Amino acid sequence: MITRQRLAAGVCALLAALTAGIAFPTGAVADETAEQAAPKVELVLDVSGSMRARDIDGGSRMSAAKQAFNEVLDATPAEVQLGIRTLGANYRGNDRKTGCKDTAQLYPVGTLDRTEAKTAVATLTPTGWTPIGPALLKAADDLDGGNGTRRIVLISDGEDTCQPLDPCEVAREIAAKGIGLTIDTLGLVPDAKTRDQLSCIADATGGTYTSVQHKEELTDRVGQLVKRAADPVVTPVAVEGAAACTSAPTLKSGLYTDREEFGQHRYYRVDVKPGQELRASVSVAADREVNPDYGVLLRAVTVHGREIVRGEAAGNGRTDAISTGLRYPKAESDDENAPAETVCLQVSNSFSAASGVKTAPGMPVELTVDVVDGPDQASDVASFGLGRGWWLLGALVLTGFLAGVLWGWVSRLRIAVWRTN
């Protein structure tokens, strides 16, 4: 028993040391000084017949949306180019094929004329179908072009009625284009089906889903999302990894986005000069339903396939994104003309999904690469990723051992006293 207690204390100390000593990577930051285009936002409003329902603070859903739009238009930052698109606003008939084409741009994306935009919103009357998928495709086209922030804010009170054009698949296709467009969704009805579909749309592009049941909530949330577009952000650069290191793209410090299918391997190359340190991290997001128990692996290998260092993480289904990272310092060289070493980053995942779940496009991958001046003693950092935590590791192991011995001695003393009494 005493031996077990000593061993447990030592193991706990070792685990604590490893946790404290591991050097987590610092995220690379893309160049924020470059001039970016004006941020663009398009509000996509559901004007289908169900928006007549009077269940938001005693008024109709449509009137709540109009009030929110009017207040948001007044508060829109001057630098934001804003547009409005509707779905289900014009066709009153029962022909499904025609109703599923009913989406139109009410106000073009551009410099905001508040009076004109408010006048356009005032004319809306709940009318037809709910073609969310087609509306998102058109909205993405409305925001096409430029390198600034682009955001779609979708407000709806129900599911898409134009299947099989699944709006969730549409959102994944938009995200797969790598144009940095985010879709945020707001649901006016808190039922499970609406929530699941709108959440899926938002998750596919890194956006957010919010359930709103009061006018003030709707106004506040739409206003927050519009203002968020004006915040300075680092837009990931779309890149396509290769199936082998030899054909992989060469990356510099920055933030990158890619797509990876289930169980796939993607390679990227980074040049590291003597005296520099490579820091890399990767996140893979499950933008569709996946089986529990999954993982992501990030390896730094030589061009010949020898592993240098790795980072790995596992999940059990409680999170929809999983991340890991690594560090690799290249030692200084006496040769001032020593060439840079080409390091290959391999990203792989162990996600799986039930039959019927589409595997294409792949899941979103966000890769951060940072090449910085290395530490004085690079070999320390390369060893198990502990960096300068070796002294801490030794101190904690010694402390754990002594604590185990002390605990064992105290336990024996207590047992001896108990037997004597």
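**Exercise 1. Where does Asp57 lie?**

*Solution.* Let's start by remembering that this model is predicted. Step one is to find the neighbours: Asp57 sits in the loop between strand 1 (40–46) and helix 2 (61–75). Step two is the backbone: Asp57 has a positive phi of about 55°, although it is not a glycine. Step three is the surface: the relative accessible area of Asp57 is 40%. Buried means under 20% and exposed over 50%, so Asp57 comes out as partly exposed.

**Exercise 2. Work out which residues share a negative surface patch with Asp57, and which helix gives the most to that patch.**

*Solution.* Begin with the members: the patch is formed by Asp57, Glu71, Glu216, Glu217 and Asp220. Now look at helix 8 (residues 215–228), which gives the most, with three residues. Glu216 is found in helix 8. Its relative accessible area is 51%, so Glu216 counts as exposed.

**Exercise 3. Find the aromatic pair and say how its rings are arranged.**

*Solution.* A search of the whole structure turns up one aromatic pair. The partners are Tyr294 and Phe351, with ring centres 4.5 Å apart and planes at 15°. Planes under 30 degrees apart count as stacked, so that's the label for this pair. Next, place the partners: Tyr294 lies in strand 12 (residues 294–301), while Phe351 is in the loop between strand 15 (341–349) and strand 16 (363–373). The pair therefore ties together parts that are 57 residues apart in sequence. Finally, check the cover: Tyr294 is buried at 4% relative accessible area, and Phe351 is buried at 4% too.

While you're in the loop between strand 15 and strand 16, look for Pro361, which is found there. The peptide bond from Ala360 to Pro361 is cis, with omega near -5°.

**Exercise 4. Describe the backbone and the surroundings of Asp293.**

*Solution.* Take phi to begin with: for Asp293 it is near 70°, a positive value in a residue other than glycine. Then the place: Asp293 is in the loop between strand 11 (276–285) and strand 12. As for accessibility, Asp293 has 57%, so it counts as exposed.

**Exercise 5. Compare the burial of the partners in three salt bridges: Arg279 with Glu277, Glu307 with Arg299, and Lys330 with Glu341.**

*Solution.* The structure has 18 salt bridges in total, so we'll go through these three one by one, keeping the 20% cut-off for buried in mind.

- Arg279 and Glu277 meet at 2.7 Å, N to O. Both of these residues are buried.
- Glu307 and Arg299 meet at 2.8 Å, N to O. Glu307 is partly exposed at 30%, whereas Arg299 counts as buried at 17%.
- Lys330 and Glu341 have their closest N and O atoms 3.3 Å apart. Lys330 lies in the loop between strand 14 (321–329) and strand 15, and Glu341 in strand 15, so the pair ties together parts that are eleven residues apart in sequence. Lys330 is partly exposed at 23%, but Glu341 is buried at 17%.

**Exercise 6. Which residues are linked in a network of salt bridges, and which make a nonpolar surface patch?**

*Solution.* The network links Glu169, Arg172, Arg259, Asp287 and Arg288. The nonpolar patch is made by Leu398, Phe401, Leu402 and Val405, and covers about 390 Å². To locate one of them, look at Leu402, which is found in helix 10 (residues 390–420).

Definitions and conventions:
Residues are numbered from 1 along each chain as its sequence is written. This is a predicted model: local features need pLDDT of at least 70, side-chain atom pairs count only at pLDDT 80 or more; totals for chains, interfaces and linings use all residues. Side-chain values use heavy atoms; hydrogens and water are left out. Patches are made of residues with over 30% relative accessible area and no salt bridge: like charges are joined within 9 Å, nonpolar side chains (Val, Leu, Ile, Met, Phe, Trp, Tyr) within 5 Å. Accessible areas come from the Shrake-Rupley method with a 1.4 Å probe; for residues, only the protein chains shown count as cover. A salt bridge is a side-chain nitrogen of Lys or Arg within 4 Å of a carboxyl oxygen of Asp or Glu. Lys and Arg count as positive and Asp and Glu as negative; His and the chain ends are not counted. The place of a charge is taken as NZ of Lys, CZ of Arg, CG of Asp or CD of Glu. Helices (H or I, at least four residues) and strands (E, at least two) are DSSP runs, numbered from the N terminus. Buried means under 20% relative accessible area, exposed over 50%, partly exposed in between (1.4 Å probe, protein chains only). Rings of Phe, Tyr and Trp (its six-membered ring) pair if their centres lie within 6.5 Å; planes under 30 degrees apart count as stacked, over 60 as edge-to-face and the rest as tilted.
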